[in-house]
Amino acid sequence: MKLSHETLLTLLEESSSNRINSNFYNLKENEEGYLDPLKMANLYINSALLVTIMGFLKEQLWLKNEEDKKLNKKTSYEDFLTPFFLNELAPVSFLKKFLIDSGSEKINQIKRSSKDIESQVLSLIIERSNSDQKIFAIKSLDEMTKKFIHEEKNQEGRAQSLGHKGLCLYRTFDNLDDLFDLNYELDKEMVVDYSAKERLYERAGVGVQSGYSTILLALDRLEAKEGSTIIDLGSGYGRVGLVCSLLRPDIKFIGYEYVPHRVEVANNASKALKLQQNLNFKVQDLSLKSFKIPEADIYYLYDPFTKETYVHVLNQLIAMSKNRVVTIVTKGNGRSWLIEISKENSWPDPIIIDEGNLCIFKSE
Ligand SMILES: C[S@@+](CC[C@H](N)C(=O)[O-])C[C@H]1O[C@@H](n2cnc3c(N)ncnc32)[C@H](O)[C@@H]1O
């Protein structure tokens with residue numbers, strides 16, 4: 001059992017006496033005043049995961065109880081939990097005994113304690129040096145990748161057999177945004193010039209971002225060559241670039257975005273983590289005919305444009321694909337545009353992942 005697992009369990013067990021704050025700080029002292037950012041990342045991942053897991057188990061237990069009532073039987077909590085540990089909960093098998101021993105009546109409490117632990121780890125790491133934050137972020141993203149890949153494989157099996165969705169980690173790690181200080185509140189003050197006719201997702205906040213699962217699954221499947229350039233067309237608050245640059249510091253990443261405050265937030269995060277050598281965001285209206293999109297190996301588009309802007313942007317990418325191999329990643333509606341283009345230009349079939357949300361097109 002890794003220390004972080006023991007740590008999580010110790011914190012959860014002791015939290016039942018509502019002394020989680022003091023326990024947490026004692027833990028720091030026990031480790032000579034310094035909690036390793038790698039261990040903090042494990043603790044963050046496991047506690048965030050547990051928040052989602054407990055919500056999921058609560059829902060499933062309710063369903064099981066309803067089924068039991070109809071069949072006039074009583075399933076023990078252990079029998080209820082065991083099948084989940086063979087499937088979606090297999091990566092957190094260290095929790096099995098703890099959850100069984102806690103009993104179903106502790107579900108809500110474990111969820112609350114896990115939330116506390118998660119937010120405390122994040123508050124602690126935000127106080128640390130940039131290099132510790134970077135170590136924490138990279139380790140967290142690596143662990144998240146493993147969890148999302150496991151989930152993706154698990155869902156494939158489920159789609160064919162059970163027909164229900166199982167555990168969904170989609171928003172589980174969104175609080176990692178706190179580390180990047182992605183202040184979505186700024187969207188609330190947005191004043192939109194409707195005559196500009198662009199699709200700016202005013203006041204959309206976190207909803208304007210690709211989920212961590214989408215970005216990490218894309219990065220995993222892209223297998224970008226060393227030294228590649230990626231351009232995010234409509235980069236929002238910069239989550240895609242931040243994740244790519246942290247995990248692949250060899251990649252040069254540029255994000256173009258219409259809304260200035262989003263660009264500012266993204267560049268601040270890039271600077272804070274000392275990524276700005278390879279990660280930059282620029283204010284740019286991509287519908288302007290005067291602007292030419294620079295050449296890159298990979299373009300990322302998550303539903304950014306109106307029809308006219310799509311045509312203008314994609315025409316440039318098609319022209320580019322005549323001289324070099326271009327990879328285009330689409331999330332959401334962009335897919336239908338690209339399917340047409342890839343057929344017209346005889347590109348191979350796209351890779352489709354993230355339950356059909358994400359398509360990777362390649363121009364050869
Ligand atoms: C759905 S968000 C995607 C953000 C980011 N790419 C991601 O996936 O996390 C689309 C972004 O495109 C931007 N956008 C829309 N029209 C644009 C234009 N003409 N030029 C530049 N950016 C634009 C919007 O302001 C919005 O932030």
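E223 is exposed in this predicted model, with a relative accessible area of 66%, and the residue sits in the loop between α9 and β1. Phi of E223 is near 45 degrees, which is a positive value in a residue other than glycine. The elements on either side of that loop both belong to the picture that follows: α9 (residues 212–222) lies across several strands, and β1 is a member of an open sheet of seven strands.

**The sheet and its strand order**

- The strands of the open sheet follow the order β3-β2-β1-β4-β5-β7-β6, and their pairing is mixed.
- At the edges stand β3 (279–283) and β6 (351–353), each of which pairs on one side only.
- Direction ignored, neighbouring strands of this sheet are turned against each other by 15 degrees on average.
- Strand β1 (residues 229–233) pairs in the parallel sense with β4 (residues 298–302) over three bridges, while five bridges join β1 to β2, and these two strands also run parallel.
- Within β1's pairings, D232 has a bridge partner in each of two strands, namely Y300 in β4 and G255 in β2.
- Strand β2 (residues 252–257) is largely enclosed by the rest of the structure, because five of its six residues are buried.

**Helix α9 and residue L358**

- Helix α9 lies across β4, β5 (327–331), β6 and β7 (358–362), and the helix runs at about 30 degrees to β7.
- L358 has its place in strand β7 and is buried, with a relative accessible area of 0%.
- Not counting residues up to four places away in sequence, L358 touches T214, A218, Y300, V329, T330, K331, I351, I352 and I353.
- One of these contacts, T214, is 144 residues away from L358 along the chain, yet the C-alpha atoms of the two residues are separated by 7.1 Å.

**Nonpolar cores**

- In soluble globular proteins, nonpolar side chains tend to be buried together.
- The largest nonpolar core here has 82 residues, and those with the most contacts inside it are L57, L95, F136 and F180.
- Helix α3 gives the most to this core, with 13 residues.
- Apart from that core lies another, of 24 residues, which includes I231, Y299, I318 and F361.
- L95, one of the residues with the most contacts inside the largest core, is in contact with L8, L9, L50 and F85 when its neighbours within four places in sequence are left aside.

**Surroundings of the ligand**

- There are 24 residues around the ligand, and of these E198, S210, G234, E257 and R262 come nearest.
- For E257, an N or O atom in the side chain is 2.7 Å from an oxygen atom of the ligand.
- Two backbone approaches involve ligand nitrogen: a backbone N or O atom of L286 lies 2.9 Å from a nitrogen atom of the ligand, and a backbone N or O atom of P304 lies 3.4 Å from a nitrogen atom of the ligand.

**The loop between α3 and α4**

- The loop between α3 (37–71) and α4 (77–86) holds T75, and N72 lies in this loop as well.
- T75 counts as buried because its relative accessibility of 17% is under the 20% cut-off, whereas N72, at 72% relative accessibility, counts as exposed.
- Leaving aside its neighbours within four places in sequence, T75 is in contact with K64, D68 and F80.
- N72 has a positive phi of about 55 degrees although it is not a glycine, and E223 likewise has a positive phi, near 45 degrees.

**The loop between α6 and α7**

- S129 is found in the loop between α6 (107–126) and α7 (130–160), where the residue is partly exposed, with a relative accessible area of 36%.
- Although S129 and A272 are 143 residues apart in sequence, they are 9.8 Å apart in space, C-alpha to C-alpha.

Definitions and conventions
Residues numbered from 1 in each chain as written. Predicted model: local features only at pLDDT ≥ 70, side-chain atom pairs only at ≥ 80, totals over all residues. Heavy atoms only, no water. Helix = DSSP H or I, 4+ residues; strand = E, 2+ residues; numbered from the N terminus. Buried < 20%, exposed > 50% of the residue type's maximum accessible area, 1.4 Å probe, protein only. Contact = heavy atoms within 4.5 Å. Pairing = 2+ DSSP bridges. Axes fitted to C-alpha atoms, helices over the stretch in contact; angles between N-to-C directions. Core = buried A, V, L, I, M, F, W, Y, C linked by side-chain atoms within 4.5 Å. Near = heavy atom within 4 Å. Polar contact = N/O pair within 3.5 Å; in protein donor to acceptor, adjacent residues only side chain to side chain.
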